[in-house]
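Q: I would like to take a close look at a single part of this protein and follow how it connects to its surroundings. Please go slowly, since I am new to reading structures.

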Amino acid sequence: MIYGCLENLSEASNTLPENILEGLHFLEKTDLMALPTGRTDIDGDRLFAMVQDYDPKPAEDVKPEAHKRYIDIQYVVKGEELIGIAPLSKGAEMVEDLLEDKDVCFFDKPAQESMLFLSQGSYAVFYPWDIHRPGCRSAKPSHVRKVVVKIEIASS
């Protein structure tokens, strides 16, 4: 997992992998408020963005998830939320496997989960070994616009 703020991208760029930088540069150079909700292609299935608008939910109403084929860059354009993060290696119980069709599987509450606060301009990068629980309500509930950049693992 990587956490950062887009405003610090020029300082962080020499420490990040090229495929992550490609996704972050898309976020930096695009008018994200003008994008329609849903999928925006950047480079076919290798690199694309999912634009989401929603009200975060209580953490207990959000299923922790992980992916196999894609890395997620979750970037908050507007609003704020909490995202749970836990290591996949700590033996969380998978309760739903949709990896083959939708590249997502869901878990019961993972052990050693920490909550990460994301506000406007911040991002988190989640790898296949990171269980994450996005879209959780923070202490100050707000409507969220988020862009999730999906980076195919084969391009890592």
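In what sense do strand E3 (residues 47-54) and E12 pair, and over how many bridges? Please take the answer as a starting point and describe the surroundings of E12 from there.

A: In this predicted model, strand E3, which covers residues 47-54, pairs with E12 in the antiparallel sense, and the pairing extends over eight bridges. To place one of these bridges on the display, find Leu-47, whose bridge partner in E12 is Ile-151.

E12 itself spans residues 144-152 and is mostly covered, with eight of its nine residues buried. It also pairs with strand E5 (residues 70-78), where eight bridges join the two strands and the direction is again antiparallel. Two positions help to trace this pairing: Val-76 has Lys-146 as its bridge partner in E12, while Tyr-70 stands opposite Glu-152.

These pairings belong to a wider arrangement, an open sheet of six strands with antiparallel pairing, in which the order is E1-E10-E5-E12-E3-E2. The edges are formed by strand E1 (2-5) and strand E2 (38-43), each of which pairs on one side only. From one strand to the next, the twist averages 20 degrees.

As you follow a strand with your eye, it helps to remember that in a regular strand the side chains alternate between the two faces of the sheet.

A helix comes next. H2 lies across E2, E3, E5, E10 and E12, and runs at about 25 degrees to E5. Helix and strands also share the largest nonpolar core, which has 24 residues, and among these Leu-24, Leu-27, Ile-73 and Val-149 touch the most other members. The elements that give two or more residues to this core are helix H2 (18-29), E3, E5, strand E10 (122-126) and E12, and the largest share, five residues, comes from H2.

Val-149 deserves a closer look. Leaving aside its neighbours within four places in sequence, Val-149 is in contact with residues that include Gly-23, Phe-26 and Leu-27, and also with Leu-47, Phe-48 and Ala-49, as well as Ile-71, Asp-72 and Ile-73.

One of those contacts, Phe-48, leads to the aromatic rings. A pair of aromatic rings is described by the distance of the centres and the angle of the planes. A search of the whole structure finds two such pairs. In one of them, Phe-48 and Tyr-70 meet edge-to-face, with 5.4 Å from centre to centre and 75 degrees between the planes. Because Phe-48 lies in strand E3 and Tyr-70 in strand E5, this pair ties together parts that are 22 residues apart in sequence. Phe-48 counts as buried because its relative accessible area is 8%, which is under the 20% limit for that word, and Tyr-70 counts as buried too, at 5% relative accessibility. The other pair is formed by Tyr-127 and Trp-129, which are stacked, with 4.8 Å from centre to centre and 0 degrees between the planes; of these two residues, Tyr-127 is buried at 14% relative accessibility.

The ring of Phe-48 has a further neighbour, since the charged end of Arg-39 sits over this ring, 3.7 Å from its centre. A similar kind of arrangement can be found at Phe-106, where the charged end of Lys-63 sits over the ring, 5.0 Å from its centre.

Methods
Residues are numbered from 1 along each chain as its sequence is written. This is a predicted model: local features need pLDDT of at least 70, side-chain atom pairs count only at pLDDT 80 or more; totals for chains, interfaces and linings use all residues. Side-chain values use heavy atoms; hydrogens and water are left out. Buried means under 20% relative accessible area, exposed over 50%, partly exposed in between (1.4 Å probe, protein chains only). Helices (H or I, at least four residues) and strands (E, at least two) are DSSP runs, numbered from the N terminus. Two strands pair if DSSP finds at least two bridges between them. A nonpolar core is a set of buried Ala, Val, Leu, Ile, Met, Phe, Trp, Tyr and Cys residues joined through side-chain atoms within 4.5 Å. Contact means heavy atoms within 4.5 Å. Axes are lines fitted to C-alpha atoms, for helices over the stretch in contact, and angles run from 0 to 180 degrees between N-to-C directions. Rings of Phe, Tyr and Trp (its six-membered ring) pair if their centres lie within 6.5 Å; planes under 30 degrees apart count as stacked, over 60 as edge-to-face and the rest as tilted. A charge sits over a ring if NZ of Lys or CZ of Arg is within 6 Å of the ring centre and within 35 degrees of the ring normal.
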